[in-house]
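Dear colleague,

Please find below the structure that I am handing over to you. My notes on what was found in it follow directly after.

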Amino acid sequence: MAAGGGLPGLLPAQTQLEYTLLDALSPQEKDNLVYQYLRKVDSWEQDLKVPDFGGDLEWLNTEGPISLYKDLCGKVVVLDFFTYCCINCIHLLPDLHELEHKYCDKDGLLVVGVHSAKFPNEKVLNNIKSAVLRYNITHPVVNDADATLWQELEVSCWPTLVILGPRGNMLFSLVGEGHKDKLFLFTSIALKFYKEKGQITDNKVGIKLYRDSLPSSPLLFPGKVTVDNSGDRLVIADTGHHRILVVRKNGQILHTIGGPNSGRKDGRFSEAAFNSPQGVAIKNNIIYVADTENHLIRKIDLELEMVNTVAGIGIQGTDKEGGAKGEEQPISSPWDVIFGSSVSGTHEDDVLWVAMAGTHQVWALMLECGKLPKGSDLKKGTCLRFAGSGNEENRNNAYPHKAAFAQPSGLSLASEEPWNCIFVADSESSTVRTISLKDGAVKHLVGGERDPLNLFAFGDVDEAGINAKLQHPLGVTWDKKRKLLYVADSYNHKIKFVDPKMKNCATLAGTGAASNVVGSSLMQSTFNEPGGLCVEENGRLLYIADTNNHQIKVLDLETKIVSMLPILHTEIFDVVDHPFVQNNKMANIPKLPKSAPNIQLPSLTVIPGQTLQFLLRLSLPANTKLTEEAPSSWFLTAEGNEWLLQGQNPSGEIEDISHQPLIALQLPSSCLSSEAVLSIKVCLYYCSKDSSACMMKGISFSQPLQVANTNQGSTAQVELTYAF
């Protein structure tokens with residue numbers, strides 16, 4: 001009989017099994033040992049039972065709440081205790097995908113993700129929804145926000161797998177990543193054992209994928225963005241669509257590389273494939289990509305229109321030293337890349353620095369022969385560790401190999417004196433750190449706390465040094481002009497700035513709420529887990545990958561205005577791993593129903609440079625409300641006069657009918673025509689208050705414009721009134 005409850009009650013018997021498995025010589029012998037273990041555990045007088053999921057818990061990917069003892073009776077269940085920020089949890093997902101591909105619920109197996117948050121931001125269901133989409137999780141996920149099940153079972157580590165028998169009885173546990181063989185061995189023998197006992201049922205569990213309810217989007221979870229030295233081209237890692245976009249600063253697409261499906265393939269742009277790419281770095285016509293879930297560094301040549309692999313072997317590596325030639329060197333979840341220069345090299349930008357999130361280190365890929373600080377001569381193509389022991393810690397040290405990071409996710413270079421360092425967004429320690437390019441010394445800048453083992457010192461505090469608090473920052477970028485560092489404080493949904501001289505950290509934009517407000521003041525603009533950012537060489541525009549809003553935001557550091565970058569001339573891709581659906585000149589424009597009225601407004605005389613403000617005054621029928629799940633929106637078009645919309649924010653959401661947005665349009669200072677027609681279109685989704693019926697309605701307002709050189713006021717307001 002088992003002694004004690006929870007996972008500790010399972011430990012003595014499973015430890016004994018693991019020791020005997022080490023001595024097993026053949027697969028048959030291992031199968032027999034696991035089979036004998038199950039006979040013993042199954043014969044205990046009292047099962048080690050798991051408490052049922054609470055009835056008030058929130059579920060994803062299901063038709064409704066699931067009961068362990070009703071819906072999952074007769075199933076072998078794998079509980080995956082995870083938190084979506086954790087790189088080790090992300091590493092485990094391919095193993096679970098493969099297991100689910102081999103056995104389905106009809107075979108008697110079901111995987112259930114038990115989301116047990118580390119950070120407060122991860123307790124919010126909408127943020128877990130985004131993670132479920134981002135990582136293409138297709139099994140049921142329960143939001144155990146208060147970690148009730150985690151505590152009941154005495155789980156102590158992310159990730160932890162707990163394998164249950166058909167009575168909700170605990171059979172095995174696997175702690176950490178890297179146990180794929182045991183996972184497959186234990187589950188296959190458990191299915192065989194209980195099938196022989198007649199305890200496995202083949203009933204289907206009600207699965208309803210969250211991704212299937214979502215509209216398509218021109219970008220899906222863009223993770224990083226960078227700008228070339230001219231400021232004319234942006235490179236966007238369109239992570240959820242598994243592709244790289246090169247766009248003009250007005251959002252017009254120049255190149256689409258890879259996507260929409262995940263894969264691993266070099267070659268021409270039309271055939272190349274990536275898997276959740278993150279960091280991007282561009283110089284001239286060469287782009288380097290952190291191809292995160294392929295565990296590769298890729299090189300894109302825009303002139304030749306070719307993609308090839310320069311580091312990694314396509315399988316997650318465990319090597320924490322490196323030193324092999326790039327394409328022979330295994331690496332693990334690279335998350336960001338930036339150019340730098342070696343100590344003795346004759347070429348500028350001859351090193352690619354890599355935030356190696358999977359091994360908690362910063363690596364270097366030598367693009368030419370050269371030396372790293374305090375290092376020996378290295379051949380071109382060498383890929384090796386530069387800083388970090390590989391332990392997941394917040395440890396600073398004068399010796400780079402003795403320092404330790406915790407999932408470094410963003411890098412930026414300040415090569416000029418007195419800085420001469422790499423800034424590191426160290427996400428799991430909620431800090432920003434520096435690595436000296438003179439001697440490799442790793443130092444603290446802001447966030448976290450002094451105990452190197454405490455990775456829970458997070459918060460949202462604008463202060464200096466250790467007193468400042470961040471929550472899982474994923475990106476940093478250096479503003480040479482102002483000598484400031486901008487930080488994507490991702491789980492606080494803010495953009496912050498740090499003065500590295502004084503170590504002061506303060507909020508630049510964002511309220512702390514996860515939402516999507518643009519066009520207003522910096523402190524009223526909002527973001528949703530921004531993952532990356534970059535600043536133009538001239539210091540004017542800050543581009544932000546607003547990841548969970550599926551947008552690139554543009555923050556003008558001089559006018560203090562935030563706008564959305566439109567993505568123009570692109571294919572719409574479906575939500576996750578679906579073929580593209582249609583071509584559209586502005587991919588983020590929904591189609592209005594044929595019944596939508598078109599209201600002709602009186603002609604308006606305007607002058608170049610003038611700001612027009614359109615005030616929506618729309619009213620819904622009685623006893624109806626906007627549908628929360630389907631985003632209502634407005635958008636602007638100017639057929640034949642697209643110059644009107646250059647550099648403008650052409651669309652936005654309508655979240656609340658009682659607070660309708662003010663739509664602003666600034667006319668160009670030089671107008672290409674003396675006459676134009678601007679269309680303001682609105683698409684509303686609304687339901688009866690009892691949600692018994694839902695409707696989609698549209699309306700279009702046509703505003704003729706006469707461009708003159710009169711001296712009227714700088715702002716003109718137009719009310720757009722309509723009752724549905």
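**A three-stranded sheet**

Within strand E43, Leu-662 is the bridge partner of Leu-615. Please bear in mind throughout that this is a predicted model. The pair belongs to the contact between strand E39 (residues 611–619) and strand E43 (residues 662–666), which run antiparallel and are joined by five bridges. In the neighbouring register, Ile-663 of E43 stands opposite Phe-614.

E39 is also joined to strand E46 (residues 715–723), here by nine bridges and in the parallel sense. One of the facing pairs is Leu-618 with Tyr-722 of E46. Taken together, the strands form an open sheet of three in the order E43-E39-E46, and the pairing is mixed. E43 and E46 are the edge strands, each pairing on one side only. On average, neighbouring strands of this sheet are turned by 20° against each other, direction ignored. As a general point, side chains in a regular strand alternate between the two faces of the sheet.

**A hairpin**

A further antiparallel pairing links strand E12 (residues 280–283) with strand E13 (residues 286–291) over four bridges. Lys-283 stands opposite Ile-286 in E13. Two residues lie between the strands of this hairpin, and Asn-284 takes a positive phi there, near 55°.

**Internal cavities**

Rolling a probe the size of a water molecule over the atoms shows where empty space is left. How many cavities of 30 Å³ or more does a search of the whole structure find? The search finds four.

The largest cavity holds about 190 Å³ of space. Its lining consists of 20 residues, and those nearest its centre are Arg-134, Tyr-135, Gln-278, Trp-335 and Leu-474. By class, eight of the lining residues are nonpolar, nine are polar and three are charged.

The second largest cavity has a volume of about 60 Å³. Arg-134, Tyr-135, Thr-239, Ser-276, Gln-278, Thr-292, Glu-293 and Trp-335 line this second cavity. Its lining divides into two nonpolar, four polar and two charged residues. Arg-134, Tyr-135, Gln-278 and Trp-335 appear in the linings of both cavities.

**Helix H6**

Does the length of helix H6 agree or disagree with the span expected at 1.5 Å a residue? H6 (residues 180–196) has 17 residues and should therefore span 24 Å; the C-alpha atoms at its ends are 24 Å apart, so the two values agree.

The buried residues of H6 are Leu-183, Phe-184, Leu-185, Phe-186, Thr-187, Ile-189, Ala-190, Leu-191, Phe-193 and Tyr-194. In general, an α-helix has 3.6 residues a turn, so residues three or four places apart point the same way. After H6 comes Gly-198, which has a positive phi near 75°.

**Glu-152**

Glu-152 is found in helix H5 (residues 148–152). Is this residue buried, partly exposed or exposed? Glu-152 has a relative accessible area of 48%, and because the partly exposed class runs from 20% to 50%, Glu-152 counts as partly exposed. Glu-152 and Leu-254 are 102 residues apart along the chain, and their C-alpha atoms are separated by 54 Å.

With kind regards

Note on methods: Residues numbered from 1 in each chain as written. Predicted model: local features only at pLDDT ≥ 70, side-chain atom pairs only at ≥ 80, totals over all residues. Heavy atoms only, no water. Pairing = 2+ DSSP bridges. 1 Å grid on protein atoms, 1.4 Å probe; cavity = no way out; pocket = protein on both sides within 12 Å on 5 of 7 lines; lining within 4 Å. Points joined across faces, edges and corners; volume = space filled by probe spheres on them. Nonpolar A, V, L, I, M, F, W, Y, C, P; charged D, E, K, R; others polar. Axes fitted to C-alpha atoms, helices over the stretch in contact; angles between N-to-C directions. Expected span 1.5 Å × (residues − 1). Buried < 20%, exposed > 50% of the residue type's maximum accessible area, 1.4 Å probe, protein only.
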